[in-house]
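Please open the model in your viewer and keep the selection tool at hand. The tour below proceeds from one selection to the next and states what is to be found at each stop.

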Amino acid sequence: MTGAILEIGGVTVAHGGRAVLQIDRLAVRRGEILAIIGPNGSGKSTLLRIMGLLDRPARGEVRLDGRAIDWGRGLLTSRRRFASVFQEPLLADTTVERNVALGLTLRGVPAGEARRRAGHWIARFGIAPLAGRQARTLSGGEAQRTSLARAFAIEPDVLLLDEPFSALDPATREDLLRDLQRALRETTLTTVFVTHDRNEALRLGDRVGVMLEGRLEQLDTPEVVFGHPAGPDVARFVGVENLLPGRIASAEGGLLTVDCGALHVLVPGELSIGRSVILCVRPEDVVIRPASAGSMRDSALNHLRGQVAELISIGPQVRVLVECGQPLVALITRHSVVELALKVGSPVTASFKASAVHVIDRGSAG
Amino acid sequence: MRRTLYLLAAFLAPTLGAGSSAASAQSKVVILSTTTSTQDSGLLDVLVPMFERTSGYSVKTVSVGTGQALALAARGEADVALVHASSLEKQYVADGKMHNRRLVMYNDFVLIGPAEDPAGIKGMAKVAEALKKVAGARARFVSRGDKSGTHVLELGLWKLAGVEPKGAWYIESGQGMGQTLVIANERAAYTLTDRATFLAFQQRVKLPILVEKDRLLLNVYSVMEVNPANGPRVNAAGGKAFADFMVSPATQAAIKSFGVSMYGQALFVPIAGKTEEEIGG
Amino acid sequence: MELIWDGIRQAFLLLLGMDREVLAITWLSFQIAATSTGLALAVGIPLGTLIALTRFPARALVVSLINTGMGLPPVVVGLFVSIFLWRGGPLGFFELLYTPAAIVIAQFVIAAPIVTGLTLAAVQQIPPMFRLQMVAIGASRGQLLWLLLREARLPMLAAVMAGFGGVISEIGASMMVGGNIRGQTRVLTTATVMETTKGSFDVAIALSVILLAMTFLVNYLLTALQQRRRPS
């Protein structure tokens, strides 16, 4: 069932004269994973708190299932349809099991059922052997798993995650991200996920919202946001300009062939066939040569023929948009442009090394 | 939860109930203000139950320093006072704060000191002159130094001796009679003490009596009733009942025999009905 | 030295021999201290929690007052409470002076700031985000309060011990408002001082031993409860 489960309209929050959050309209679709990214201080956490009905905006309204939120008596019932996970695990001083069951206990779920549901999610997040342990003895990763299990056990209508992995080391972060991904696929929970890490957003988000200085600058699919940032500020934050969604077509000897529709790209890696991925190539890594130059012997494995569609000067560099069945952006020096006598329409070959491709694994199901 | 509340109520009742029952039986409580040495002698532990049994009153004995005992009575915070500081008592009566002063009993003070007697006062008849010799010899002397009846008496004797007690030899303990005796014992010093306390501490304090039986060493106890105008809720009837009790023949007899079984001699001499001149005080 | 051994021996004899007066004094001391501590908990825990969780003008002043109150000399408290309870005082009507109730009142005044101050500190040290997290998983206001108190239970047990310890061992207030009246308001501390001034050192030591033993027992039970939560 599609449709907006949560809508925010005309919301403003100010602190000390400064507008911390200003959202004209934001609708979260049922069942989607919405990733909100932005730099620190961009208002992401404030937005998440308002979504979770933890803070009331000075102006504007929040609608749940199309109905305006009653900030008075009915607030607790509405608020209990959400569950949040924060950067710190913030567990209570008791066992893991009791912690995971806490959300259910608070809602009056009978003890037996609470234990059962908690047990299910404790297993899903791989902390079954820790169930009887005291929360304060857990490591950072184990504690955050507990926090996640706690939120999932509630089976909320909307799950809110505020930079849940920022405080973890990269290896733990990777493990948890994978487990979260799996869990989300299993449940089709509507999820709003705040992060400052673009890769996390790309991996998990069905849609990505970019927040800068309290405003939602762009809200669209990852490809659009990263491939066609709505403005220079967004582009500057988003950084990556070449995003190629595709599927693993074949894997041999550590090299994968990714079917990106119009293109086939070779990348190193170990992923199974059929997996959905997004390939990222930084414009600086794309080398442009005139098509007439013939095939040169170099280490790059990916050569794509196309035409120059756009040339934009950015200081001492030039942004070159090449149409090769898929738009590809390269960043080269002005000097090179002159040297290669590039202009709109010039036939060129865009090359990039397989190793320059950054693969984002989107999981098995499309 | 409910069980906890029941337990709590049962617990609190006796401690808090004591106050409320007193409020309802208002006129049945008599507050007696007296001195610590009177209380410590143990006499009141015998007399008060006697009074309570026969009169039906309940007595709260507040034993503090003489000054505080009289001050409390002057504020109406007591109903009757039993103290032993004649000059102060007369002052309070003259001020109208207390009335119906009646003598009850006396005990006496003795001057004790180290057996070696460095000041050479043993057997002297006049205590003031003995003190003069102590000061002259700069022999160690321990004083109560706490404005108690004993202390006031001691100061009067120094004045009579024409000596201002000052110096390293003059030690002010600022404490009760018992503590002071212990200190005197430790320091092998002279000190002035009431006979009752001396007898009670005989085992512990090995300082013999050196001077006694001087008229100036008499410690006269009197009972005074508190003027009801001193404050609200003064139990004048109860105060009078206690004062009457203290001078009644039965009580006087009890006073006479107090201490005999324990110390072999009576600690107090009952003198109800007599005047100060008659006993030489 | 033998004085102390004498005293300990005397203590056992008094207790085991069921000396009625000593047992009565001991029980009264415990009753009074437990009651005043209980009242202090009933007032101090909610008050301390409230102050810890809310912002209001002059909050710093209130907290300073509480912290000052934690160090009130018992004898000063005794003096002021007795002035209130005097016949001539505003509460004289209730005739509470020289009753156990008066001691409970005075000891409550001593213990309440201790309990309030320590509860305040205990609740304040819970990370503020914890509150938000509990609300974010569905806690109502009442449930949140319960969760916070549960988080702070270890330092709060310390508050209970501190409150009880402070009042069971004080003598200044007990003396002033209780009067050490035999059979009515004589408690272990006032009896100890009295026996000392009378020179009955062995009895005084015996009473001290009993007092220490009782305090130790109570603290042991509470500590066992508190430390039960520690990881082994």
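## A helix in chain C

Begin by selecting helix α10 of chain C, whose buried residues are C:L188, C:T189, C:T190, C:A191, C:T192, C:M194, C:E195, C:T196, C:T197 and C:K198. Please bear in mind throughout that this is a predicted model. The helix covers residues 188–198, and because 10 of its 11 residues are buried, it is largely enclosed by the rest of the structure.

What do the buried residues of α10(C) pack against? Display α2 (36–41) and α8 (177–187) of chain B, and then α2, α9 (172–178) and α11 of chain C; the buried residues pack against these elements from both chains. Next, step just past the end of α10(C) to C:G199, which takes a positive phi of about 90 degrees.

## A second helix in chain C

Now select helix α8 of chain C, residues 153–168. Its 16 residues, at 1.5 Å a residue, should span 22 Å, and the C-alpha atoms at its two ends are indeed 22 Å apart, so expectation and model agree. Which residues of α8(C) are buried? They are C:M156, C:A159, C:V160, C:G163, C:F164, C:G166, C:V167 and C:I168. While looking along the helix, recall that an α-helix has 3.6 residues a turn, so residues three or four places apart point the same way. To see what covers the buried residues of α8(C), add α2 (20–53), α5 (100–124) and α11 (201–227) of chain C, which are included in that cover.

## Chain C as a whole

Zoom out and select the whole of chain C. The chain contains 11 helices and 0 strands. Its C-alpha trace spans about 65 × 55 × 25 Å along the principal axes. Of the 232 residues in chain C, 48% are buried. Consider also the contacts in chain C between residues at least 6 apart in sequence: 78% of them join residues at least 24 apart.

## From chain C to chain A

Display chain A together with chain C and look at where they touch. The contact takes 21 residues from chain A and 14 residues from chain C. On the side of chain A, the elements that give two or more residues are α2 (75–79), β6 (82–85), α3 (96–106) and α5 (140–153). The largest share, 3 residues, comes from α3(A). If you colour this side of chain A by residue class, you will find 10 nonpolar, 5 polar and 6 charged residues.

## Chain A and one of its strands

Select chain A alone. It has 10 helices and 20 strands, and its C-alpha trace spans about 75 × 50 × 35 Å along the principal axes. Of its 366 residues, 40% count as buried.

Within chain A, select strand β19, residues 347–352. Is this strand largely enclosed or open? Since 5 of its 6 residues are buried, the strand is largely enclosed by the rest of the structure. Next, add strand β15 (residues 287–290), which is joined to β19(A) by 4 bridges and runs antiparallel to it. Strand β16 (residues 302–314) also pairs with β19(A) in the antiparallel sense, over 6 bridges. One residue to select here is A:V348, the bridge partner of A:P290 and also of A:G306.

## Two exposed residues in chain A

Proceed to A:A68, which lies in strand β5 (residues 67–68). This residue counts as exposed because it has 11 C-beta neighbours inside 10 Å. Beyond its neighbours within four places in sequence, A:A68 is in contact with A:E61 and A:R63. Label A:I8 as well: the two residues are 60 apart in sequence, and their C-alpha atoms are 9.8 Å apart in space.

Then select A:T188, in the loop between α6 (170–187) and β8 (190–195) of chain A. A:T188 is exposed, with 11 other C-beta atoms within 10 Å. Most residues other than glycine have a negative phi. A:T188, although not a glycine, has a positive phi of about 50 degrees.

## Last stop: chain B

Finally, select B:D117, in the loop between β4 (98–112) and α6 (127–136) of chain B. B:D117 is not a glycine, yet it too has a positive phi of about 50 degrees. With 17 C-beta neighbours inside 10 Å, B:D117 counts as partly exposed.

Colour chain B by pLDDT to conclude. Its mean pLDDT is 86, and 89% of its residues reach 70 or more. Over residues 18–25 of chain B, however, pLDDT stays under 50.

Methods: Residues numbered from 1 in each chain as written. Chains lettered and ligands numbered in written order. Predicted model: local features only at pLDDT ≥ 70, side-chain atom pairs only at ≥ 80, totals over all residues. Contact = placed C-beta atoms within 7 Å. Nonpolar A, V, L, I, M, F, W, Y, C, P; charged D, E, K, R; others polar. Expected span 1.5 Å × (residues − 1). Buried ≥ 20, exposed ≤ 12 C-beta atoms within 10 Å, placed from the backbone. Pairing = 2+ DSSP bridges. pLDDT = per-residue confidence, 0-100.
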